[in-house]
Amino acid sequence: MTTIHLVEHAPPVPRPLPDVVGRALAASRIVDAAPDPYLPGHWRLRAGSKVGAVALTVPGAGTVTLRVTPKVPIARLFFLLGYALSPHSAPYDESVDVAEHTEVLPAFAHAYERQLARALAQGLVQGYRTTEESAFVVRGRIREADQIRRRFGAALPVEIVYDEYTTDIAENRILCAAVERLLRLPGVPGAVRRRLAHHRARLADVTPLVRGHALPMWRPTRLNARYHGALRLAETVLRGASAEHDEGQLRIDGFLFDMNKLFEDFVCTALRESLAPYGGRPALQAQGIHLDQDDAVRMRPDFVWYADDGRPRAVADAKYKAEKHEGFPDADLYQMLAYCTALGLHDGHLIYAKGNAPHAAHRIRNAAITIHQHALDLDQPPHPLLAEIRNLAERLASVPPV
């Protein structure tokens, strides 16, 4: 089995690989892969913004394990994720030590297992589940329309619906599915894997989720409060953060975070929370905004803050960028200029993960528009990081509506 270690947004590195493996990596679109023009039999590999671990089953070459380590410390990545998912109650306990891990998947599996152990310490939560079935004994109420349509007047069996108090509820099904998912992934430490297998045995009576179907809905309540943290992490495993698909004959099975999306979610959530005392209405991934009069060119800024009367007050876009010696990309300025023009705003804000460029402000020629570029230092502790965003929110709120 071939194992490849890369670092997020690091310079390309040459690796001796069979052509079939190099082509498989290129087809996966997880990393940039191209034949090395100077070293025959080598491929130049470069990781982008996706971090984590995946196993690629390559026909004729076996399994290739690809691990991409983030630039930010693992503990900071977990803070960004936790705040984006639930700003008032992080989905992991800070007492869970993830700093001992240098890779995403082992740290995430460890954190989820610890959260799951706490959630199940008092036993499985039970709840009512609505069940529809055919039976020879009436229980609950009869589904008259189904009885007529399916039984054509026969008395038995009876189409019934009833509420059953059981552990086979959405919350336990989601927790169990996340355990199954992690147990299939490469790189989960042996000790964590054994504890996850123990939790799977405790959830053995839960109905498995059907692969490809939407996750069942659950609602936070006082009764399932001890599940909340584990459930949010479980949903992260089961939703878009994971990679599990077939690309032709290439099978990819793994767990990835897109740092672009994670940074965007964190910034927008933190801005929403910081602007709450000032009133108004925040919109994340704002909709209904168009550049032209005919509404043919749609735009979706990451964050728009509206006044109470519905007028736009501020617009911001989050940009997780690799460090560039030339500073911030000019294309982002053009994009923000379009946002400000369409919304009728005099100020726009681009928020970057801190790189080589300091804060900058650009006054646009022949337009009363100023575009501000801010840089957040993700290496600092959570409280100073959130303080930076609160200061930015105060600045946004100080500008009166246009």
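## Exercises on a predicted model

In this predicted model, the hairpin of S5 and S6 has 3 residues between its strands, and Gly-60 there takes a positive phi near 85°. Let's work outwards from that turn.

**Exercise 1.** Describe how S5 and S6 pair, and decide whether S5 is largely enclosed or left open.

*Solution.* Begin with the pairing: strand S5 (residues 50-58) and strand S6 (residues 62-69) run antiparallel and share 7 bridges. For one example, find Ala-55, whose bridge partner in S6 is Thr-65. Next, look at burial, where a residue counts as buried under 20% relative accessible area. Of the 9 residues of S5, 7 are buried, so the strand is largely enclosed by the rest of the structure.

**Exercise 2.** Work out the strand order of the sheet that contains S2, S3 and S4, and name its edge strands.

*Solution.* The order is S2-S4-S3, in an open sheet of 3 strands with antiparallel pairing. Strand S2 (13-16) and strand S3 (31-35) each pair on one side only, which makes them the edge strands. Neighbouring strands here are turned by 35° against each other on average, ignoring direction. Now zoom in on S2 and strand S4 (residues 42-47): they are joined over 4 bridges, and Val-13 has Leu-45 of S4 as its bridge partner. Finally, add helix H1 (residues 19-28), which lies across S3 and S4 at about 145° to S3.

**Exercise 3.** Find how helices H5 and H6 cross, and which kinds of residue make the contact.

*Solution.* First take the axes: those of helix H5 (residues 170-183) and helix H6 (residues 190-202) come within 10 Å and cross at roughly 145°. The crossing is left-handed. On the H5 side, the contact is made by Val-179, Glu-180, Leu-182 and Leu-183, while H6 supplies Arg-193, Leu-196, Ala-197 and Arg-200. Sorted by class, that gives 5 nonpolar, no polar and 3 charged residues.

**Exercise 4.** Locate Leu-124 and say which residues beyond its sequence neighbours it contacts.

*Solution.* Start with the chain: Leu-124 sits in the loop between helix H3 (104-119) and strand S7 (127-135). Its relative accessible area is 22%, and since buried requires under 20%, Leu-124 is classed as partly exposed. Then look around it: setting aside neighbours within four places in sequence, Leu-124 touches Thr-167, Asn-172, Arg-202, Leu-203, Arg-226 and Tyr-227. Take Asn-172 from that list: Leu-124 and Asn-172 are 48 residues apart in sequence, yet their C-alpha atoms are 7.5 Å apart in space.

How values were computed: Residues numbered from 1 in each chain as written. Predicted model: local features only at pLDDT ≥ 70, side-chain atom pairs only at ≥ 80, totals over all residues. Heavy atoms only, no water. Helix = DSSP H or I, 4+ residues; strand = E, 2+ residues; numbered from the N terminus. Buried < 20%, exposed > 50% of the residue type's maximum accessible area, 1.4 Å probe, protein only. Contact = heavy atoms within 4.5 Å. Axes fitted to C-alpha atoms, helices over the stretch in contact; angles between N-to-C directions. Left-handed = near helix turned anticlockwise from the far one by under 90°. Nonpolar A, V, L, I, M, F, W, Y, C, P; charged D, E, K, R; others polar. Pairing = 2+ DSSP bridges.
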